[in-house]
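Hi there,

Here is the structure I promised to pass on to you. Have a look at it first, and then read on for what I found in it.

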Amino acid sequence: MRTKSVGKKKINVVTLGCSKNVYDSEVLMSQLKANGKEVVHEDRGDIVVINTCGFIDNAKEESINTILDYVEAKNRGEVEKVFVTGCLSERYKPDLIREIPDVDQYFGTRDLPILLKHLGADYKHELVGERLTTTPKHYAYLKISEGCDRPCSFCAIPLMRGGHVSTPIEKLVLETQKLAKKGTKEIILIAQDLTYYGLDIYKKRALGELLKELVKVDGIEWIRLHYAFPSGFPEDVLDIIREEPKVCNYIDIPLQHINSDLLKSMKRGTTHEKTDALLAKFREKVPDMAIRTTLIVGYPGETQERFQELKDWVKEQKFDRLGCFTYSHEENTGAYVLEDDVPQEVKEARVEEIMELQSQISWEKNQEKIGKTFKCVFDRKEGNYFIGRTEYDSPDVDNTVLVSAEETYISIGEFAEVKITSAEEFDLYGELV
């Protein structure tokens, strides 16, 4: 019996890892659709493309398990082909070919045109800036650069993503205009390092100039900054956050640790004192700013005394949002030559200690919001509640605002004024004003 042609087969794109991978999957899907392919995201398909993450052990494990699941589905005849792309296959392609040979083809992070060819499609240059977004219509990620030039000793991203390459301002403005025409109201700027933006193409840090152009785009109401680097932070950005209503009073700045010796070993280019001075500058220039950070515990040489310094600092700084991860000993990184001397169970216990601290800080900060009114955007409905966010909260990682769906109706993707009536550690409850 004659089988269907490749052009008639449904392609299922599966995305693992961070928002940068979400963006890459959206670009791939847009290219496929422009080539007349039927494409779905994390649904049933004849051909599966898995966009993997290879950042730390947990992410690698999830990627490998997903690949194995789809290989088994292929062996059962439920899918015809399995392709793997993204960070894991960029970093470990020879190992993956040897260990999981039933995958039809492996591709790296910069192999989009080759991947498309294997899917019976051509790379269309005229589609630059076009994406088939997988997020809710009202918000989208905007990747402003690729790769990273930072030498952080714990990080394998440069191995997988290459050096830093900024996207020109005019291309990003065009992409934002296209998103706005489709109904996007919030754009979330992402990169391995936002603050390095422009150094390669403009020979200066140009994040501030980019923001000044993006705020001019009609239809965009919120612009949010993710993944800023503390060393060399361009202070003009703080003035823009304070003065421009469209730029959210929010910044995600992964600080990783506070002990100066560990920061030096991590090659972060900063110290305890410099970090405190930067945070003081943030709060001085933008008093209403929500600061989100992430920390690593269990890095080589993190003694109990150095961990206590980190805990004391978290208590002192009272971050609005905080995530914490265990150190992952990654081959070919600068820290791999160091002894991974903190036992895994100690690393995990330290994560729990930090997050318990943060839970209390978050509860206290949320109690202060009771009785106040905030502009919120609503992302979805779950059970008896509409789930929204303030400008101080990014989707999926931060606090939420819950409004009863039994007493009122809110259109998804719309903004509304909400008065907070009660609060828990990570959730606020309110009513429409």
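Let's start with helix α12, whose buried residues pack against β12 (290-297), α11 (304-317), β13 (321-326), β17 (415-423) and β18 (427-432). Please keep in mind that this is a predicted model.

Which residues of α12 are buried? They are Lys-347, Arg-350, Val-351, Ile-354, Leu-357, Gln-358, Ser-359, Ile-361, Ser-362 and Asn-366. You can also check the length of this helix yourself. α12 runs over residues 344-367, which makes 24 residues, and at 1.5 Å a residue they should span 34 Å. The end C-alpha atoms of α12 are 35 Å apart, so the two values agree.

One of the partners of α12 is strand β12, and Ile-291 lies in that strand. Is Ile-291 buried or exposed? Its relative accessible area is 0%, so Ile-291 is buried. Leaving aside neighbours within four places in sequence, Ile-291 is in contact with Ile-251, Ile-253, Leu-279, Phe-282, Arg-283, Phe-319, Asp-320 and Arg-321. For a sense of distance, pick Leu-159, which is 132 residues from Ile-291 along the chain: their C-alpha atoms are separated by 29 Å.

Another residue to click on is His-272, found in helix α10 (residues 272-285). His-272 has a relative accessible area of 15%, and because the cut-off for buried is under 20%, His-272 counts as buried. Beyond its neighbours within four places in sequence, His-272 is in contact with Ile-258, Ser-260, Leu-263, Glu-309 and Trp-313.

Now to the other part of the chain that I looked at. An unreviewed UniProt entry lists residues 9-124 as "domain: MTTase N-terminal". In the model, that span is 47% helix and 21% strand, and its end C-alpha atoms lie 20 Å apart.

The UniProt record, again an unreviewed entry, also gives Cys-18, Cys-53 and Cys-87 under "binding site". These three span 70 residues in sequence, yet no two of their C-alpha atoms are more than 10.6 Å apart, so they gather at one spot. Where do we find Cys-18? Cys-18 is in the loop between β1 (10-15) and α1 (19-34), and its relative accessibility of 30% makes it partly exposed. Cys-87 lies in helix α3 (residues 87-99) and, at 8% relative accessibility, counts as buried. Apart from neighbours within four places in sequence, Cys-87 is in contact with Asn-21, Thr-52, Cys-53, Gly-54, Thr-109, Met-160 and Arg-161. So you will find Cys-53, also listed under "binding site", among the contacts of Cys-87.

Helix α2 (residues 57-75) is a good one for practice. Its 19 residues, at 1.5 Å each, should span 27 Å, and its end C-alpha atoms are 27 Å apart, which agrees. Buried in α2 are Ala-59, Lys-60, Ser-63, Thr-66, Ile-67, Val-71 and Ala-73. They cover an arc of only 160° around the axis, which puts them on the same side of α2. Here is some background that helps: an α-helix has 3.6 residues a turn, so residues three or four places apart point the same way. The buried residues of α2 pack against β1, β3 (47-52), β4 (81-86) and α3. On the face turned away from the buried side, α2 carries the exposed residues Asn-58 and Asn-75. After α2 comes Gly-77, which has a positive phi, near 85°.

Next, the second largest pocket, which holds about 980 Å³ of space. How many residues line this pocket? There are 36, and Asp-24, Val-27, Leu-112, Tyr-123 and Glu-146 lie nearest its centre. At least two lining residues come from each of α1, β4, α4 (112-118), β7, β8 (165-166) and α6 (169-181). The largest share, six residues, is supplied by α1.

Strand β7 (residues 145-146) holds one more residue to visit, Ser-145. At 2% relative accessibility, Ser-145 counts as buried. Outside its neighbours within four places in sequence, Ser-145 is in contact with His-164, Val-165, Ser-166, Thr-167, Ile-190, Ala-191 and Asp-193.

Enjoy exploring!

Best wishes

Technical notes: Residues are numbered from 1 along each chain as its sequence is written. This is a predicted model: local features need pLDDT of at least 70, side-chain atom pairs count only at pLDDT 80 or more; totals for chains, interfaces and linings use all residues. Side-chain values use heavy atoms; hydrogens and water are left out. UniProt positions are given in the numbering used here, feature names are shortened, and annotations may be inferred rather than shown by experiment. Helices (H or I, at least four residues) and strands (E, at least two) are DSSP runs, numbered from the N terminus. Buried means under 20% relative accessible area, exposed over 50%, partly exposed in between (1.4 Å probe, protein chains only). Contact means heavy atoms within 4.5 Å. The expected span of a helix is 1.5 Å times one less than its number of residues. The arc is that of the directions from the helix axis to the C-beta atoms. On a 1 Å grid over the protein atoms alone, a cavity is a set of points where a 1.4 Å probe fits but cannot get out, and a pocket is an open set with protein on both sides within 12 Å along at least five of seven lines; lining residues have an atom within 4 Å of a point. Grid points are joined across faces, edges and corners, and a volume is the space filled by probe spheres set on the points.
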